[in-house]
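Reader: Please take me through one part of this model in detail, the open sheet and the charged pairs on it and elsewhere. I would like a connected account rather than a list.

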Amino acid sequence: MDLDPVECGRADRAARAALAPASVTASGVLRATAPEVFGQSAIMPLIPQLLADHPALRVDLRLTDRIVDLVGEGLDVALRIAPLRDSALVARRIAGNPRILCASPRYLKRHGTPRTVQELASHQCLVLQGLNGWTFNDGARTVQVDGAFASTSVGAIRAAAEQGLGIARLTWWDVRQPLAERKLVSIALRDGDPGEQDVWALLPTRRYTPLRVRIFLDALTAALAAA
């Protein structure tokens, strides 16, 4: 009996489809850490869809501004917004992240807007504790700044800036929402570029990256690129 070539082709495609693996889904516990403000603004919006797409996945997200021992605490991945120190960890750049000088409209109305690096020394500047030297132009210039409020928390510095307590130097991912809402205004200096602090993912090893980590980082990278 002669076989219809069209029917044979359909049967072949059907057989291959039946043998093809189902859509790959992640499982297990994704253990990640990130700075608090970045985690709340950039990572948390991804979690509902991530869990919906991967029902066997669980997420343990630790939000803290301290540097976490990735290996010692058994974490899969750490998101960092900071210059990377020499490390045995594997680093993957996720997104650009320019530093932003900003203050509330109320503060700038009362105290004026600085136009040069040197003018910052006469302003109330909101500093992360231990970081009173603000660098510009890739470290070529440094100005010592001070103010009535300092904190170990990026979120507290942002809140203080919104409340009119002074000028903050934060990163775009820390302040993009208050900038969009006009709670904060960016400040451009004539002679100083505050530079960048890119978003990095740190992994404990390059030998094997679990599927749950790859899916999470791909989702985060795509979301940051689209923002």
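Author: A residue is called buried here if its relative accessible area is under 20%, exposed if over 50%, and partly exposed in between. The model is a predicted one, and every value below was computed from it.

With that cut-off, start at strand β3, residues 77-81. Five of its five residues are buried, so the strand counts as mostly covered. The cover is on both faces: V77, L79 and I81 are buried on one side, and A78 and R80 are buried on the other.

Strand β3 belongs to an open sheet of five strands, in the order β2-β1-β3-β12-β4, and the pairing in this sheet is mixed. Its edge strands are β2 (57-63) and β4 (90-95), each of which pairs on one side only. On average, neighbouring strands of the sheet are turned by 25° against each other, with direction ignored.

The two neighbours of β3 run in different senses relative to it. Strands β1 and β3 run parallel and are joined by two bridges; T33 has A78 as its bridge partner in β3. On the other side, β3 and strand β12 (residues 199-203) run antiparallel, with four bridges between them. There the bridge partner of R80 is W200. Both A78 and R80 are among the buried residues of β3.

Moving outward from β1 (residues 28-34), one comes to the edge strand β2. Seven bridges join β1 to β2, and these two strands run parallel. One of the pairings is A34 with L63 in β2.

The charged pairs come next. The structure holds nine salt bridges; three are described here. In the first, D60 pairs with R62, and the closest N and O atoms are 3.0 Å apart. D60 has 24% relative accessibility and counts as partly exposed. R62, at 29%, is also partly exposed. This pair is part of a network of salt bridges that links D60, R62, R66 and E73.

At the other edge of the sheet, R92 forms a salt bridge with D218, with 3.4 Å between the closest N and O atoms. R92 lies in strand β4 and D218 in helix α7 (residues 211-226), so the pair ties together parts that are 126 residues apart in sequence. Both partners are partly exposed: R92 has a relative accessible area of 31%, and D218 has one of 45%.

Helix α7 itself has 16 residues, which at 1.5 Å a residue should span 22 Å; the C-alpha atoms at its ends are 23 Å apart, in agreement with that. While D218 is partly exposed, the buried residues of α7 are V213, I215, F216, L217, L220 and L224.

The third salt bridge is within a helix. The side chains of R158 and E162 meet at 4.0 Å, N to O. Because these two are four residues apart in helix α5 (residues 154-162), about one helical turn separates them. An α-helix has 3.6 residues a turn, so residues three or four places apart point the same way. R158 is partly exposed at 23% relative accessibility, and E162 is partly exposed at 28%.

To return to the sheet: β3 is buried on both faces, and it is joined to β1 by parallel bridges and to β12 by antiparallel ones.

How values were computed. Residues numbered from 1 in each chain as written. Predicted model: local features only at pLDDT ≥ 70, side-chain atom pairs only at ≥ 80, totals over all residues. Heavy atoms only, no water. Pairing = 2+ DSSP bridges. Axes fitted to C-alpha atoms, helices over the stretch in contact; angles between N-to-C directions. Buried < 20%, exposed > 50% of the residue type's maximum accessible area, 1.4 Å probe, protein only. Expected span 1.5 Å × (residues − 1).
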